[in-house]
Amino acid sequence: MTVAQAVVEYLSRQYTVDRVGGQDYRERLIPGTFGIFGHGNVAGVGQALKQYQQLDPTIMPYYQGRNEQAQVHQAVGYARHTRRRQTFAISTSIGPGSTNLLTGAALATTNRLPVLLLPSDTFATRAADPVLQQLERPDAYDVTVNDAFRPLSKFFDRVSRPEQLFSAFHHGLRVLTDPAETGAVTISLPQDVQAEAFDVPEEFLAEREWRIRRPDADDEDIRRAAEAIRAAKRPLIIAGGGVLYAYANVELAKFAELTGIPVGNTQAGVGVLPWDHPFSLGAIGSTGTTAANAIAADADLIIGIGTRYEDFTTASRTAFQNPDVKFININVAPIDAYKHGTALPIVADARKALVKLNQALGGYRIGADLEQAIAAEKTRWNATVDEAYDTRFTPLPAQNEIIGATNRAMDAQDVVICAAGSLPGDLHKMWRVRDAFGYHVEYAYSCMGYEIPGGLGVKRAALAEAAAGGAQRDVVVMVGDGSYLMMHTELVTAVAERIKLIVVLIQNHGYASIGSLSESLGSQRFGTQYRALDEEHHSFDEGERLPVDLALNAESLGVNVIRIEPGEKVIAELEQAIRDAKAAPERGGPIVIHVESDPLLDAPGSESWWDVPVSQISELESTRRAFKTYTDHKNRQRKLLG
């Protein structure tokens, strides 16, 4: 076999096995391969995929894409919806085909989500040297552009000889399926090695099962944690994505209901509890609810479960103002369990740790004063969201109204997708989630352009879920014009495969999120509007709006488009458009709903902060004022050693 043929057949026989709540799962780890072919992989992985397609298309289905980075985003979306049990492999050519994967690799690793990257590389033999697209360094001739993957990947290897294939993939898939270590796994395949023939042991091609490791909590750690919880007066849970990946929702709900301890959630943790659960405070931190942030400010014990404590979660370490605050961190990854200098790390699967804590805390419950505060803060925030959803602005609506309309039009089991800009923060605090799989916002890397390809990956996973007898889910992407222009190319992929992906495209003529941030930092929304160049001042801030028609752009790609015109009926028409899109045939292709919004109408405040440095010296009065505000917040920042 050639090396590429061995890779494809090997990947077709890898399975993840898992056991959760007494139920066993066995699924293909790599259900398909993406690829864009060039001289680096067309005769290697490309030939192998074509050969197996002719033998049996189910061995390793091939999926076409329009951009290598977008293919990684599809794989990441699929991996998250399958709770890290499955992902895709991506094959690229050398040079730019490979380096186009770099942003996707960083996104996957930052989000702790598995993806298998197979970038092609220059000749291992150097028989033709230098080849087209080869990077030459006079100080290190063995360095190629693929070495850029090393800091972005959780595992990196280069197969320079066929025999290295065995250890490279064995250790690569070990990392890919490890909940504590997973992320981008990159195995670089030189173009000549891909096509080289060698004898492949049958053992390498045999079916292999990779069990998802779910380590139990140490009994002494549980005892100490329970002791700290019993001593706390105002404890608070921060639930992250690790709760969802561990299928710990039921145990978390039981824990909150038995103890009365309230739950705030990170971006990745939205869905751990329904929005209207009596002990759910909703989002926490810089993009959080006033309810979660009010309780967090006085909390004397933080129980972090499956969170990596991003700066948005901690409001840049200003969220917790109790001088005696301590941390219990439950996480399968030691790097996260030990954060903030905690003396109570629990390195364990979230569900298994919660099972033991529920047993250890029998009879414990928070005080009535905290329960009353929880109820009061929830009532206050719910009224704030109601007002934001229901206040009508004309002729252009606020983004709040658009979010409310989308939320109302979707069914509980449907999935909303977003990634970057002002939308993720507004969704985090205001989206009323009703299903554990109903919210998918990529915010660890906050990558503009993720939305459409990531949503397509989620939709692929949702279709597979429905085919296996699971829930029927529509996937709705919410994206602003800035992110749309970054990477809308995968709409063509959805057209080609007739996949119904619903996209709510919000046109606000610029970068609304950074515009607002720029204004708050005294930089006067500089460079954040889509306007024609004012040549006299060399400025893009004052010229005419660009005559760009994104709805027409989507139509030109073969997409079904619904235009919502400005006016008094925008929100009612938007809701109906989403319902009409949901009623469309499942294999009818993507649908884009185009709606304009007013970027100057902000979402409700979180009564929180995010640390973005402000110029200490400036001739702009706006910047000087912003620096004074910045220093006031900076004085509240804490090291949070607990």
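**Two sheets, a few helices and two buried residues**

Let me begin with one pair of residues: Gly-264 stands opposite Gly-282 in strand S12. Gly-264 belongs to a pairing in which strand S11 (residues 263-265) and S12 run in the parallel sense over three bridges, where two strands count as paired if DSSP finds at least two bridges between them. Helices (H or I, at least four residues) and strands (E, at least two) are DSSP runs, numbered from the N terminus.

Before going on, I should say that this is a predicted model, in which local features need pLDDT of at least 70 and side-chain atom pairs count only at pLDDT 80 or more, while totals for chains, interfaces and linings use all residues. Residues are numbered from 1 along each chain as its sequence is written, and side-chain values use heavy atoms, with hydrogens and water left out.

S11 and S12 are part of an open sheet of six strands, in the order S12-S11-S10-S13-S14-S15, with parallel pairing. At its edges are strand S12 (280-283) and strand S15 (344-347), each of which pairs on one side only, and neighbouring strands are turned by 15° against each other on average, direction ignored. Helix H12 (residues 290-298) packs on this sheet, touching strand S10 (235-239) and S12, and the direction of H12 makes about 105° with that of S12. Contact here means heavy atoms within 4.5 Å, and angles run from 0 to 180 degrees between N-to-C directions, with axes being lines fitted to C-alpha atoms, for helices over the stretch in contact.

A second open sheet, also with parallel pairing, has six strands in the order S4-S3-S5-S6-S8-S7. Why is one side of strand S4 (62-64) and of strand S7 (155-158) left without a neighbour in the sheet? Both stand at the edges with a single partner strand each, so there is no neighbour on the other side. Inside this sheet, strand S3 (residues 33-35) pairs with strand S5 (residues 89-92) over three bridges, and the bridge partner of Thr-33 is Ala-89 in S5.

Now to a loop. Thr-182 is found between helix H6 (165-176) and strand S8 (184-190), and with a relative accessible area of 3% Thr-182 is buried, a term that means under 20% relative accessible area, with exposed being over 50% and partly exposed in between (1.4 Å probe, protein chains only). A polar atom of the Thr-182 side chain lies 2.8 Å from the backbone oxygen of Leu-176.

My second buried residue, Glu-401, sits in helix H16 and has 1% relative accessibility. A polar atom of the Glu-401 side chain lies 3.2 Å from the backbone nitrogen of Phe-393, and the C-alpha atoms of Glu-401 and Ser-597, which are 196 residues apart along the chain, are separated by 9.3 Å.

Which helix does H16 (residues 399-409) cross at roughly 35°? The partner is helix H23 (residues 570-583), and the two axes come within 9 Å. Among the residues making the contact are Glu-401 and Ile-402 of H16 and Ile-571 and Leu-574 of H23.

I will finish with helix H14 (residues 350-360), whose buried residues include Ala-350, Arg-351 and Leu-354. The buried residues of H14 pack against several elements, including strand S13 (301-305) and strand S14 (326-331). At the start of H14, a side-chain oxygen of Asp-349 reaches to within 3.1 Å of the backbone nitrogen of Arg-351.

Conventions
Polar contact = N/O pair within 3.5 Å; in protein donor to acceptor, adjacent residues only side chain to side chain.
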